[in-house]
Amino acid sequence: CEEQQYVVARPLYSEDAFTDEHEKIHRHHKTLRHHVKQYFTCDLKRAKNAALSLLPFIGWMRIYQLKEWLLSDIVSGVSTGLVAVLQGLAYSLLASLPPWYGLFTAFFPVIIYFFLGTSRHISVGAFPVLSLMVGAVVTRLVPDEGPPVNITGFEGLTSDEQRVMVAASVTFLMGIMQLAMGLLQVGFIVMYLSDTLVSGFTTAAAIHILVSQLKFVLGLVVPGLSGPLSIIYTLEKIFVQIEKTNVCDLVTSILIMVVVFIVKEINDRYKAKLPVPIPIEVIMTVIACGVSYAFNFRVIYKVDVVGRIPVGYESPMAPNMQIFGQTAVEAFPMAIVGFAVAFSVAKVYSVKHDYIIDGNQELIAFGASNIIGAAFKSFAASTALSRSAVQESTGGKTQIAGLLSALIVMVVTLAIGFLLEPLPKSVLGAVVIVNLKGMLMQIREVPYLWRRDRPDCVVWVVTCLASILLGLDLGLAVGLGIELLTVVFRAQFPRCSVLANITGTDIYKDRKDYMSIYEPEGVKIFRIPSPIFFANIDFFRGKLVEAVGFNPLRVLRKRNKALRTIRKLLKKGELQMTSVNNFHSQSYPESEDESNMEELDQPTDFKDLPVQVNWNSELPANIQVPRVDVHSLILDFSAVSFLDISALKGLKAALKELIRVEVEVYIVACDEYILEKLHSCKFFDDEVKSSMFFLTLHDAMLHILEKHPVNSENTKVSTIHGNQCNGVSSLRSRDKFVHVSN
């Protein structure tokens with residue numbers, strides 16, 4: 001088929017000409033006072049919207065399709081509840097707490113999220129990375145070896161009770177931070193955690209989790225450690241006593257991991273054919289419980305088991321304020337990580353099932369869930385990817401499934417928890433490790449990132465290594481710092497380019513990338529693909545000097561020094577004018593007088609000379625001035641989104657330097673906001689005028705070619721229709737083009 005073409009015939013527009021011809025709509029900008037007044041204004045409609053926003057379950061409950069959705073939610077709720085019980089027990093070990101407290105985390109936060117959350121598919125509860133971060137705080141304040149930190153309220157409590165108090169208090173503080181961020185509408189903060197940073201961070205967390213579970217898999221007694229290099233010290237303590245490995249624990253763990261891994265692969269490969277994924281973790285846990293009970297693993301093989309699980313829930317408790325002060329630094333990254341992971345998972349499912357989630361409301365939901373959960377001795381809650389996948393893949397439609405999963409957990413807590421007492425902790429450790437596959441396999445992203453985007457690869461590697469060696473809290477801070485530095489470097493050192501016309505079009509591309517280009521003599525087109533601000537204005541000016549091929553300030557000073565010398569020669573009578581623009585004199589050394597540099601930076605002044613000097617011709621008395629072959633410079637501002645005050649000053653100085661050496665400067669495709677700012681900041685004067693701004697790059701090029709016609713002997717102007725004509729006027733229609741003839 002023939003190539004599609006289009007023809008546009010319109011006037012050549014500068015910004016001023018376009019504004020004069022096309023009237024703009026005056027938009028009234030609201031003041032801060034108006035925004036504040038509107039924010040605090042309340043009417044019936046706004047109150048209704050606020051209620052629906054604060055209690056999102058009302059919205060989806062009104063459209064709940066009982067016959068179509070209820071059965072799916074029941075199946076999903078039961079499946080998710082069984083997984084939640086197992087993961088609650090397992091992730092309690094990561095938090096260095098007695099296993100049954102994980103059941104509390106799988107119950108209370110789920111109930112609160114049902115009413116306040118906007119996602120219909122995520123499964124709220126323990127998340128391994130958060131559990132590990134809680135465990136680091138717990139072991140720091142209540143270490144396995146040595147006395148606990150001196151905190152009021154620890155008196156008369158056992159070690160486990162002290163740890164529960166620490167975990168609940170840091171979770172309460174984390175919830176307060178999330179709730180405050182939600183109420184202040186700062187859910188956007190999660191945007192600063194890129195996918196690359198989160199991937200590197202969670203990979204490091206997976207390695208920490210793997211190392212922390214080795215003691216259960218091997219059946220060793222290893223004290224929990226926290227802080228920088230804790231992973232190294234933990235590995236050291238494990239390998240020092242490796243000969244004490246409990247073979248029964250090791251064999252059981254390997255068997256569980258192999259079977260669970262194989263069945264999970266089958267679930268992934270045949271998920272389209274299976275009505276529901278095979279709950280292999282639950283099946284293997286039940287089998288392990290039965291075998292452990294039948295063969296009395298605890299007594300005969302000295303296997304460490306879950307042990308007594310108290311029936312029912314414990315009475316609520318108030319958080320310890322002294323622990324708040326001790327754990328505030330760790331609580332903030334926990335709040336951010338917990339929200340970031342949950343929001344990213346929720347966003348995936350909201351896109352898949354076509355509904356909207358609200359980041360600020362999610363912060364409120366998780367904040368309230370953690371506050372109320374902590375009051376009932378649960379630890380930090382977010383969402384686990386595997387558990388959410390179970391809830392969604394088994395047909396869950398709404399958080400009714402989450403509510404039913406909480407009921408399953410409640411049944412276990414109140415009635416049948418004793419059945420899990422013979423469960424070996426090595427089984428829980430094996431289940432945790434095998435579920436790390438997804439996070440550990442993220443390391444495959446590194447080669448791809450190295451090939452495609454090396455700054456992102458640096459962010460991934462540095463975040464991962466820092467989180468492994470320094471701990472998750474410090475590692476996250478280091479990763480965030482590196483990420484922000486890469487953003488600054490990308491903006492501070494953008495890839496500037498010199499553009500050229502693609503022959504036969506009104507399109508302009510980097511001159512280094514294309515063969516068939518047209519560059520009128522004496523014209524340069526410079527593009528900067530980033531905002532211009534205080535940090536990159538000097539870089540911009542340096543690249544601009546490289547593009548034009550000369551330093552305008554140096555040329556200006558040389559010209560003014562040359563004029564000073566010519567005036568002295570004329571005054572002494574040692575220089576005679578032989579013809580217009582021509583001088584005759586004997587050899588005379590150029591003055592090197594550097595005094596009064598401010599005068600040298602001023603525009604060249606010919607008022608007391610009989611002629612105007614042609615700077616590109618030979619000058620008298622061996623005066624040397626750098627040659628300037630550029631008569632026009634176009635600055636493409638199409639990618640410049642803002643200018644700050646420092647950039648305005650630097651840009652104006654650069655423009656004046658170019659104008660003073662007789663280079664005409666044009667700025668094209670400038671954003672309307674920037675133009676308004678230039679006018680409001682009194683940017684324009686007698687030298688820098690608003691007439692230099694043009695609507696498009698092609699408009700500016702046509703204007704330049706009209707002022708500086710191309711030599712007709714070297715250039716042919718033709719049209720698509722084959723009509724031959726000379727002159728620049730034929731370029732005004734976009735169906736006409738310029739090319740250089742051979």
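A residue is called buried when its relative accessible area is under 20%, exposed when that area is over 50%, and partly exposed in between. With these words in hand, Lys-707 falls into the middle class, because its relative accessible area is 45%. The structure discussed here is a predicted model, and the account below moves from its salt bridges to its cores, one of its helices and its cysteines.

**Salt bridges**

The count of salt bridges comes to 22. Three of the pairs are set out here, each with the distance between nitrogen and oxygen.

| Basic residue | Acidic residue | N to O distance |
|---|---|---|
| Arg-163 | Asp-144 | 2.5 Å |
| Arg-495 | Asp-510 | 3.2 Å |
| Lys-707 | Glu-664 | 3.2 Å |

In the last of these rows, the pair links distant parts of the chain, since Lys-707 belongs to helix H29 (residues 697–707) and Glu-664 to strand S10 (residues 664–668), 43 residues apart. Glu-664 counts as partly exposed, at 24% relative accessibility.

Arg-495 and Asp-510 also join distant parts of the chain, with Arg-495 in the loop between helix H23 (472–492) and strand S3 (497–502), and Asp-510 in strand S4 (residues 508–510), 15 residues apart. Is each partner buried or exposed? Arg-495 counts as exposed, at 56% relative accessibility, whereas Asp-510 counts as buried, at 9%.

Salt bridges can also form a group, and here Lys-652, Lys-656, Arg-660, Asp-685 and Glu-687 are linked in such a network.

**The surroundings of Arg-163**

Arg-163 lies in helix H9 (residues 159–183), and with a relative accessible area of 6% this residue is buried. Its salt-bridge partner, Asp-144, counts as partly exposed, at 40% relative accessibility. Asp-144 sits in the loop between helix H8 (128–141) and H9, so the pair ties together parts that are 19 residues apart in sequence. Leaving out residues up to four places away in sequence, Arg-163 touches Ser-96, Leu-97, Val-138, Thr-139, Val-142, Pro-143 and Asp-144. For one of these, Pro-143, the C-alpha atom is separated from that of Arg-163 by 9.2 Å, although the two residues are 20 residues apart along the chain.

**Nonpolar cores**

The largest nonpolar core has 105 residues, and those that touch the most other members are Ile-122, Val-129, Val-134, Val-166, Met-334, Leu-423 and Leu-428. Helix H15 gives the most to this core, with 15 residues. Apart from its neighbours within four places in sequence, Val-166 is in contact with Val-137, Val-138, Leu-141, Val-142, Phe-154 and Ile-323. A second, separate core holds 37 residues, including Phe-550, Leu-651, Ile-667 and Phe-683.

**Helix H17**

Within helix H17 (residues 385–393), the buried residues are Arg-387, Ser-388, Val-390, Gln-391 and Glu-392. They pack against helix H5 (66–94), strand S1 (124–125), helix H15 (321–353), strand S2 (382–383) and helix H18 (400–416). H17 is followed by Gly-395, whose phi is positive, near 105°.

**Cysteines without disulfides**

How many disulfides does the structure hold? There are 0, and two cysteines illustrate the reason. A disulfide is a covalent bond between the sulfur atoms of two cysteines. The sulfur of Cys-289 is 14 Å from the closest cysteine sulfur, that of Cys-248, which is too far for a bond. Cys-457 has its closest cysteine sulfur in Cys-464, 11 Å away, and that is likewise too far for a bond. Cys-289 counts as buried, at 7% relative accessibility, and Cys-457 also counts as buried, at 4%.

Key: Residues numbered from 1 in each chain as written. Predicted model: local features only at pLDDT ≥ 70, side-chain atom pairs only at ≥ 80, totals over all residues. Heavy atoms only, no water. Buried < 20%, exposed > 50% of the residue type's maximum accessible area, 1.4 Å probe, protein only. Helix = DSSP H or I, 4+ residues; strand = E, 2+ residues; numbered from the N terminus. Contact = heavy atoms within 4.5 Å. Disulfide = S-S within 2.5 Å. Core = buried A, V, L, I, M, F, W, Y, C linked by side-chain atoms within 4.5 Å. Salt bridge = Lys/Arg side-chain N within 4 Å of Asp/Glu carboxyl O.
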